[in-house]
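Got the viewer open? Let's take a short walk through this model, one selection at a time.

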Amino acid sequence: RIFMADVLLKPQTQNLRLTEPPASQKLRPLVLIMALLLITGLTVGVVRAASIRMATTGGRMVYGAEAMMDPKKHGSCTGPVQKNLRWGCDGETSDRICCFNRHYAEYSGFWETTSFLKTKRTIIKKKKKKQTADQTKTVFRDPVSGKPLFIAPIGRSWEDFVAESRRHGWPSFRGAEVVWENVRVLGNGETISTDGTHLGHNLPDGKGARYCINLVSVAGHNPTGGDDDDDSDATPPAAPA
């Protein structure tokens with residue numbers, strides 16, 4: 001009986017050995033998990049990329065209606081200016097000029113008393129060493145919303161941008177450097193943001209439209225917390241319905 005039982009058990013033992021999955025099959029679950037993680041990562045990357053819209057400059061001047069400067073939560077603005085504006089610009093001065101003013105400006109040459117030029121020279125020097133593209137590009141942002149308003153220089157050198165701004169006393173932008181999605185020009189030449197921030201005026205010269213802008217009106221920070229000179233306008237994904 002013991003012999004017969006032993007014989008009867010042997011085929012079962014052999015069958016168990018034969019049905020044991022090979023090493024390649026053991027790896028399949030791991031491969032599937034890795035594939036799912038990769039697909040998930042790529043999907044998240046695509047969603048994030050889709051939520052980033054690069055700021056577009058240039059094109060025809062876009063006019064706005066006077067009603068855009070009607071009173072809002074904070075003067076003509078949707079809120080007060082950000083804290084700790086770029087280049088050491090004074091928040092109180094910026095708030096007064098941007099949100100409670102239609103005609104006055106910072107004094108001529110004010111922009112040269114800030115750290116703007118020194119900071120930019122340092123950045124240019126560092127980027128040249130790293131051979132980084134767009135070595136001189138600066139994104140000038142709304143001090144209330146942080147939206148990009150001007151990107152300069154475009155179509156000219158950094159030296160030309162500085163020289164023209166010095167001649168006129170204020171940062172001076174050309175049409176190719178305006179982010180028209182966020183900027184409007186009123187009938188009298190007043191230049192504003194689409195959120196009601198007073199920026200300056202269009203004072204044309206022999207070369208065409210020239211936007212004479214207060215530095216305190218374009219000293220905002222990137223609202224996403226990223227690089228202030230990153231010219232992408234980060235838009236969070238739409239909330240589910």
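Start by selecting strand β2, residues 138-141 (strands are DSSP E runs of at least two residues, helices H or I runs of at least four, numbered from the N terminus). Both of its faces are covered: Thr138 and Phe140 on one side, Val139 and Arg141 on the other, are all buried (under 20% relative accessible area with a 1.4 Å probe, protein chains only; exposed is over 50%, partly exposed in between).

A word on ground rules: this is a predicted model, with local features needing pLDDT of at least 70 and side-chain atom pairs pLDDT 80 or more, while totals for chains, interfaces and linings use all residues. Numbering runs from 1 along each chain as its sequence is written, and side-chain values use heavy atoms, leaving out hydrogens and water.

Now add β3. It runs antiparallel to β2, with four bridges joining the two (pairing takes at least two DSSP bridges). Phe140 has Phe150 as its bridge partner there. Six residues sit between the strands of this hairpin, and Gly146 has a positive phi near 85°.

Next, pull up the largest nonpolar core, with 33 residues; Phe140 and Phe150 are among those with the most contacts inside it, as is Leu215. (Such a core is a set of buried Ala, Val, Leu, Ile, Met, Phe, Trp, Tyr and Cys residues joined through side-chain atoms within 4.5 Å.) Elements supplying at least two residues each include α5 (116-130), β3 (148-152) and α6 (158-168).

Then click Leu215. Beyond four places in sequence, its contacts (heavy atoms within 4.5 Å) include Trp87, Trp111, Phe116, Phe140 and Pro171.

Finally, zoom out: the protein has six helices and nine strands, and 40% of its 241 residues count as buried.
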